[in-house]
Amino acid sequence: MSRLKPSFFLRPATASLLALSLLSACGGKERPQADLAASQVTTIGVNSYLWRASLDALSFMPLTQTDSNGGVILTDWYVNPENPGERMKINVSILDQDLRADALRVGASRQVSTNGTWVDAPVKAATTQKLEQIILTKARDLRRGAISN
């Protein structure tokens, strides 16, 4: 009868104990809580707070295109009833999944009516900056609301 070496049994036993100890570390009862108000939200392609705030800020305008994965919102021409000789079109781009000021870009086009035809006119930089501030403020408020709930 041949004799088996003790190391022949120890190696598989050691490997099994090591694997078992590694697996037991995964099954702990303490799991980290999900941060519902994280600045990075990945259920859509872009930050959901910026997305919802942008849609809310532009809700008075007719939308022509929305793409939540690409982060693009395009409006159709909007004529303010108080100033029927002028119309605006807004483009919002959300560039990142983080809630940051540089993750938002707003562009605007403006036309004025001259002799019954629409003519391109310049847009003040303050107009797009103000809209960016409104969207960012709404997004931060949405995030704060999610944290407090």
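## Hairpin first

Two strands count as paired here if DSSP finds at least two bridges between them. With that in hand, this predicted model offers a neat place to start: S1 and S2 form a hairpin with four residues between them. In the turn sits Gly-71, whose phi is positive at about 75°. Strand S1 covers residues 63-67, runs antiparallel to S2 and is joined to it by four bridges. If you want a spot to check the register, look at Leu-63, which stands opposite Thr-75 in S2.

S2 also has a partner in strand S4 (residues 86-94): the two pair in the antiparallel sense, this time over three bridges. Here Val-72 stands opposite Ser-93 in S4.

## Two faces of S2

In a regular strand the side chains alternate between the two faces of the sheet. Strand S2 (residues 72-75) shows this pattern: Ile-73 and Thr-75 point to one face and are buried, while Val-72 and Leu-74 point to the other and are not. The cut-off for calling a residue buried is under 20% relative accessible area.

## The whole chain and its confidence

Stepping back, the protein chain holds three helices and six strands. Read from the N terminus, the elements go α-α-β-β-β-β-β-β-α. Of the chain's 149 residues, 21% count as buried. As for how the chain folds back on itself, take the contacts between residues at least 6 apart in sequence: 46% of them join residues at least 24 apart.

How far does the predictor trust its own model? Mean pLDDT for the protein chain is 83, and 71% of the residues reach 70 or more. Confidence is lowest in helix H1 (residues 6-26), where the mean is 51, and highest in S2, where it is 98.

## The nonpolar core

The largest nonpolar core has 21 residues, and the members that touch the most others are Leu-50, Ile-90, Val-92 and Ile-135. Which elements feed it? Helix H2 (48-57), S4, strand S5 (104-114) and helix H3 (125-148) are the ones that give two or more residues. H2 supplies the largest share, with five residues.

Ile-90 is a good residue to click on. Setting aside neighbours within four places in sequence, Ile-90 is in contact with Leu-58, Met-61, Ile-73, Leu-74, Thr-75, Val-106, Gly-107, Ala-108 and Leu-131. One of these contacts, Ile-73, is on the buried face of S2.

## Helices H2 and H3

Does the length of H3 come out as expected, or not? At 1.5 Å a residue, its 24 residues should span 34 Å, and the end C-alpha atoms are 35 Å apart, so the two values agree. Along H3 the buried residues are Thr-128, Leu-131, Ile-135, Leu-136 and Ala-139. H2, S4 and S5 are among the parts that cover them.

Over in helix H2 you'll find Tyr-49, which is buried because its relative accessible area is 3%, below the 20% cut-off. Tyr-49 and Leu-99 are 50 residues apart along the chain, yet their C-alpha atoms are separated by 7.3 Å.

## Salt bridges

Six salt bridges turn up in the count. One of them links the side chains of Asp-56 and Lys-138, with 3.0 Å from N to O. Asp-56 is in helix H2 and Lys-138 in helix H3, so this pair ties together parts that lie 82 residues apart in sequence. Are the two partners buried or exposed? Neither end is at an extreme: Asp-56 is partly exposed at 43% relative accessible area, and Lys-138 is partly exposed too, at 28%.

Then there is a cluster around Arg-100. Asp-96, Asp-98, Arg-100 and Asp-102 are linked in a network of salt bridges. Within this network, the side chains of Asp-96 and Arg-100 meet at 3.3 Å, N to O. Arg-100 also forms a salt bridge with Asp-98, where the closest N and O atoms are 3.9 Å apart. That one just makes the list because the cut-off is 4 Å. On accessibility, Asp-96 is partly exposed at 23%, and Arg-100 is partly exposed at 37%.

Key. Residues are numbered from 1 along each chain as its sequence is written. This is a predicted model: local features need pLDDT of at least 70, side-chain atom pairs count only at pLDDT 80 or more; totals for chains, interfaces and linings use all residues. Side-chain values use heavy atoms; hydrogens and water are left out. Buried means under 20% relative accessible area, exposed over 50%, partly exposed in between (1.4 Å probe, protein chains only). pLDDT is the predictor's confidence in each residue, from 0 to 100. A nonpolar core is a set of buried Ala, Val, Leu, Ile, Met, Phe, Trp, Tyr and Cys residues joined through side-chain atoms within 4.5 Å. Contact means heavy atoms within 4.5 Å. The expected span of a helix is 1.5 Å times one less than its number of residues.
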